[in-house]
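Visitor: I have a structure open and would like to understand the words people use for it. Could you take me through them one at a time?

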Amino acid sequence: MTDVAPIDPPTIAPLTRPLSLLQSLRAVRRNVLEILPEAAYRQPIVSGRMSARWHMVQDPVALRRVFLDNAENYPKSQVMVRMLRPAVGDSLFTSEGESWRWQRRVVAPVFAQRNVTALGPMMTATAERATERLRHCGGQAELVGEMLSATFDVICEVALSGREHFDAKTFGQAILRYFETAGKASVLDFLRAPDWVPRPGALLSLGAVRTMHRMVAQAIEARRKESTGKADDLLDYMLKAEDPLTGRHMSPTDLLHNMQFFIVAGHETTALALSWSLLLLALYPQVQERARAEARAALGDRAAGVAQLHAMPYVKQVIEEAMRLYPPVGILARNVLREDTLAGRQILPNDFLFLPIYALHRHHMWWERPNQFDPARFSLEATRSRDKYLYLPFGAGPRVCVGANFAMMQAHIILATLVARFQFHPTAGSLPTPTMAMTVRPDTGVRLTVQPL
Ligand code: HEM
């Protein structure tokens with residue numbers, strides 16, 4: 001049985017004619033998803049030229065080659081790295097080569113299932129606090145803001161064990177300033193201006209970056225002083241972590257940059273996955289009822305904990321399907337080092353690759369009724385029988401998201417708790433449009449009626 005409703009959830013109209021260079025640059029600043037042509041949703045590969053030759057790759061075999069089999073040929077795009085480096089330095093996400101390899105060896109065990117599971121009770125406590133806030137919202141709420149508060153609460157708890165040394169509000173405002181300034185790719189980046197040319201966004205964001213760094217550094221320093229020797233949260237795990245090959249520990253700067261990345265990237269992406277999930281549940285009442293019945297049977301009056309997650313597979317399917325339609329990281333970009341062939345097309349050194357996860361997830365060759373919401377696509381059988389390179393919200397291969405387990409666990413705990421306790425309905429007015437700067441956000445937020453049960 002499928003759970004298809006007659007309407008399509010919001011999307012953007014694909015581009016039907018090529019854009020000039022100037023139009024492309026404007027689209028990139030307004031909404032990066034607008035650069036995706038109709039062909040990206042229908043063909044395995046689309047190529048063109050802006051200031052350099054570019055290719056958009058939507059073929060699962062070619063994607064496996066880029067992410068896994070020939071990954072060394074496709075380092076992360078320098079445009080993207082340049083946007084992030086002022087905030088997160090040469091941390092796991094932005095580094096390459098040996099610098100990346102040793103950090104990955106240190107960080108991957110930190111996010112092992114056993115450690116993430118041990119953080120479950122903190123996630124449950126934040127789901128309780130999110131419930132309290134929604135109970136007092138007066139019957140209507142803007143859910144992106146609510147979910148950002150909830151996931152930021154999680155990351156403050158698990159990354160920094162509470163807020164004694166950490167003013168979450170000031171930090172939250174600095175993140176927003178950072179996204180609004182440095183988060184937008186500069187025209188200069190796409191024209192390939194050299195690194196020493198100052199980018200206006202980067203200059204504006206410097207103050208926000210300084211505030212964030214000062215606060216994270218203070219929290220790390222406070223923890224070093226009061227360490228009990230026990231590892232209780234993510235920061236403790238990171239302070240103790242060492243490279244299994246060399247025994248090397250992270251320097252204070254490595255630690256600062258990596259924690260900074262976890263805090264910023266970890267909470268924003270997960271909050272968006274949750275906000276889109278709630279919007280879809282509000283638009284599809286039958287799906288919402290089914291998720292609620294499952295959650296209430298598993299939870300009764302309790303908030304969700306790790307122990308109940310296995311009994312709520314459908315709630316997880318809702319999140320997975322929401323991330324198919326609205327992958328929080330909607331487009332990835334890679335540089336090309338050496339000649340290669342992808343989906344039958346010759347790829348040359350210095351060409352530019354877009355990996356448009358948003359278009360891959362709505363591709364007419366790979367998905368039936370691609371623009372409709374149907375969590376049945378993520379039943380165990382359906383998932384097993386599908387090529388895993390057709391669904392890539394967390395990327396794949398050696399650079400796959402190291403926090404994927406963590407993100408899924410917190411999203412599952414929060415969504416199950418909320419759907420068991422509230423009914424969500426759309427409010428009058430138009431639906432939001434997916435808009436991408438760094439992440440895929442609903443442009444006008446997600447305003448819903450929230451009715452306690
Ligand atoms: C729904 C939530 C999330 C989504 C959709 C997401 C998505 C992604 C994607 C697509 C990549 C690969 C980027 C690339 O190949 O260019 C990535 C990498 C990464 N993510 Fe996540 N992420 C999420 C949550 C988190 C969380 C909670 C953390 C940590 C607390 C995290 C930490 C990282 C790190 C450190 C990397 C870099 C890994 C490496 O290069 O070795 N992410 N993420």
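**Reading the labels**

Guide: Happily! Just after helix H13, Gly300 takes a positive phi of about 60 degrees. Please keep in mind that this is a predicted model.

Visitor: What else is there to know about H13, and how do you know that its length fits a helix?

Guide: H13 runs over residues 285-299. Its 15 residues reach 20 Å from the first C-alpha to the last, close to the 21 Å expected at 1.5 Å a residue. Its buried residues are Val287, Gln288, Arg290, Ala291, Arg292, Glu294 and Ala295. They are covered by elements including H12, H14, H17 and strand E8 (422-426).

Visitor: How do you know that the span of helix H14 agrees with its residue count?

Guide: H14 covers residues 313-325, and at 1.5 Å a residue its 13 residues should span 18 Å. The end C-alpha atoms are 19 Å apart, so the two values agree.

Visitor: What makes H14 largely enclosed by the rest of the structure?

Guide: Ten of its 13 residues are buried, and therefore the helix counts as largely enclosed. The buried ones are Val315, Lys316, Gln317, Val318, Ile319, Glu321, Ala322, Met323, Arg324 and Leu325. They pack against H12, H13 and H17.

Visitor: What makes the biggest nonpolar core, and which residues have the most contacts inside it?

Guide: A nonpolar core joins buried residues of types such as Ala, Val and Leu through C-beta atoms within 7 Å. The largest one here has 130 residues, and Ala159, Leu281 and Leu415 have the most contacts inside it. Helix H12 (residues 252-283) gives the largest share of this core, 18 residues.

Visitor: Which residues is Leu415 in contact with, beyond its neighbours in sequence?

Guide: Leaving aside neighbours within four places in sequence, Leu415 is in contact with Leu274, Ser277, Val315, Val318 and Ile319. Of these, Val315, Val318 and Ile319 appear among the buried residues of H14.

Visitor: What makes up the shell around the ligand?

Guide: There are 23 residues around the ligand, and Gly266, Thr269, Gly395, Cys401 and Gly403 come nearest. By class, the shell has 15 nonpolar, five polar and three charged residues. H12 gives the most, with seven residues. H12 and helix H17 (404-421) each supply at least two.

Visitor: Why is Arg65 called buried?

Guide: A residue needs 20 or more other C-beta atoms within 10 Å to be buried. Arg65 has 22, so it is buried. Its place is in helix H2 (residues 60-69). Not counting residues up to four places away in sequence, Arg65 touches Asn70 and Leu342. The C-alpha atoms of Arg65 and Ala343 are 9.9 Å apart, though their positions lie 278 residues apart along the chain.

Visitor: And why is Gly344 called exposed?

Guide: The cut-off for exposed is 12 or fewer. Gly344 has 9 C-beta neighbours inside 10 Å, so it counts as exposed. Gly344 is found in the loop between strand E5 (340-342) and strand E6 (345-347). Its C-alpha atom is separated by 39 Å from that of Gln113, and the two residues are 231 apart along the chain.

Visitor: What makes Asn350 and Arg369 worth a look?

Guide: Most residues other than glycine have a negative phi. Asn350 has a positive phi of about 75 degrees although it is not a glycine. Arg369, also not a glycine, has a positive phi of about 40 degrees. Asn350 is found in the loop between E6 and strand E7 (352-355), and Arg369 in the loop between helix H15 (357-360) and helix H16 (380-384).

Visitor: How do you know whether Arg369 is buried or exposed?

Guide: With 12 C-beta neighbours inside 10 Å, Arg369 meets the limit of 12 or fewer, so it counts as exposed. Asn350 has 10 other C-beta atoms within 10 Å, so it is exposed too.

Visitor: Finally, how do you know how compact the protein chain is?

Guide: The chain has 17 helices and eleven strands. Its radius of gyration is 21 Å, close to the 22 Å that the globule rule gives for 453 residues, so it is as compact as a globular protein of that length. Its C-alpha atoms fill a box of roughly 60 × 60 × 40 Å along the principal axes. Buried residues make up 45% of the 453 residues.

Note on methods
Residues numbered from 1 in each chain as written. Predicted model: local features only at pLDDT ≥ 70, side-chain atom pairs only at ≥ 80, totals over all residues. Helix = DSSP H or I, 4+ residues; strand = E, 2+ residues; numbered from the N terminus. Contact = placed C-beta atoms within 7 Å. Near = placed C-beta within 6 Å. Nonpolar A, V, L, I, M, F, W, Y, C, P; charged D, E, K, R; others polar. Expected span 1.5 Å × (residues − 1). Rg over C-alpha atoms; globule rule 2.2 N^0.38 Å.
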